Amino acid sequence: MEEASALFTIGPVEVSSVVVTSWIIIALLALLCWLATRNMKDVPGPLQCAAEMAVEGMENFIAGTLGKEKARKYFPIFGTFFVFIIVSNYSGLLPGAGQIAGFAVPTACLSVTAALAVIAFCTTHTLGVRERGLGHYLKSFLKPFALMLPLTLIEQLIRPLSLALRLFGNLYGEETVTHELYNIFPILLPLVMNVLSLLFCMIQAMVFTLLLSIYVAEATETEE
Amino acid sequence: MTSGMIALAIGVMMGLCVFGTAIGQGMVASKTMDAMARQPEMAGKLQTAMILAMALQEALTIYGLLIAFMLVGRI
């Protein structure tokens, strides 16, 4: 796809605009979290109140698939994924995304989504092993009957691939369509796609987190 | 000649690609509406399930879209 051109290099590592934007997003999020939790009070200020609402909303959302107890236990993973993805998705709506050097939508780059998917894959299996023990976890692959093993393995390997491609395809598609609309008629026409993006960006972040939580729920379910 | 064929292929492929997903998503939406009308108290859960099912189908179209972009680059 789009060749990620290097902005500058640090030693042998090339730094592209996608990387710079992800760093900025991470720094902004960290700053926001620090500000929101700096001096917590029983009667919260506006920022702490907003942060509490966001955390509670996300936790309830995850609890729908994972159950209350595990949702609380593993909340940091899902919260991080959701917040990072949704902020990077929405960064595409800012003017100049993809045009200015050093500013490109991170999730519209296959490397970023692939990295997210690989983290999700490792997380799922690590939690599975930790929750059930290695022996039990490996045995669960033979669960319905042993002949299904190849199919189960393929399914496990396809999951990160589809997670990465879904997120990348949606965001890249949106970016490209907006750009094409801009080429057709620059005034107001790209706005149509931007309004749709408002919805889609949110849904894609939701879907990624939801699928991950389902995978984790499946990996960590303990038999009675 | 070749670029013409590629352009034609993109058009045909995206058409077919969207066709199946459109039918599938329509079915998901209509059945969910049925279920919501029957049991309005389940609406929240159904909505999550509907979005999930739609996202899984949409992934198939997205694969087609990616191939289309790749082909557009070759014209």
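This is a walk through a predicted model, from the fold of chain A to its spaces and its contact with chain B.

Start with chain A. Its secondary structure comes to eight helices and two strands. The order from the N terminus is β-β-α-α-α-α-α-α-α-α. Along its principal axes, the C-alpha trace of chain A spans about 60 × 50 × 40 Å.

Helix H7 of chain A deserves a closer look. It covers residues 149-184, 36 residues in total. Is its length what a helix of 36 residues should have, or not what it should have? At 1.5 Å a residue the expected span is 52 Å, and the end C-alpha atoms lie 51 Å apart, so the two values agree. H7(A) also carries a kink of about 25° at Ile158(A). The proline Pro160(A) follows shortly after that kink.

Pro160(A) turns up again in the lining of the largest cavity. By the rule used here, the count comes to one cavity of 30 Å³ or more. About 70 Å³ of space lies in the largest cavity. Which helices line it? H5, H7 and helix H8 (189-220) of chain A each supply at least two residues. H5(A) gives the largest share, five residues. Among the lining residues are Ala117(A), Ala120(A), Phe121(A), Thr124(A) and His125(A). Others include Gln156(A), Arg159(A), Leu163(A), Leu212(A) and Tyr215(A). By class, the lining of this cavity divides into seven nonpolar, three polar and one charged residues.

Now turn to an open space, the second largest pocket. It holds about 800 Å³. Its lining counts 28 residues. Nearest the centre of this pocket lie Leu29(A), Cys33(A), Val55(A), Met58(A) and Val83(A). Four helices of chain A each supply at least two lining residues: H1 (17-36), H2 (46-66), H4 (75-90) and H5 (110-132). Helix H5 of chain A thus contributes to the pocket lining and to the cavity lining. Is the pocket lining mainly nonpolar or charged? It has 23 nonpolar residues, four polar and one charged.

Last comes the contact between the chains. On the chain B side, 13 residues are in contact with 18 residues of chain A. The area buried between chain B and chain A is about 1300 Å². Carbon and sulfur atoms give 83% of that area. Which residues of chain B lose the most area to chain A? They are Leu52(B), Leu66(B) and Phe69(B). Together these three account for 36% of what the chain B side buries.

Conventions: Residues are numbered from 1 along each chain as its sequence is written. Chains are lettered from A and ligands numbered from 1 in the order in which they are written. This is a predicted model: local features need pLDDT of at least 70, side-chain atom pairs count only at pLDDT 80 or more; totals for chains, interfaces and linings use all residues. Side-chain values use heavy atoms; hydrogens and water are left out. On a 1 Å grid over the protein atoms alone, a cavity is a set of points where a 1.4 Å probe fits but cannot get out, and a pocket is an open set with protein on both sides within 12 Å along at least five of seven lines; lining residues have an atom within 4 Å of a point. Grid points are joined across faces, edges and corners, and a volume is the space filled by probe spheres set on the points. Ala, Val, Leu, Ile, Met, Phe, Trp, Tyr, Cys and Pro count as nonpolar, Asp, Glu, Lys and Arg as charged, and the others, Gly among them, as polar. The expected span of a helix is 1.5 Å times one less than its number of residues. The bend at a residue is the angle between axes fitted to the seven residues ending there and the seven starting there. Contact means heavy atoms within 4.5 Å. Buried area is the accessible area (1.4 Å probe) that two parts lose on being put together, summed over both.
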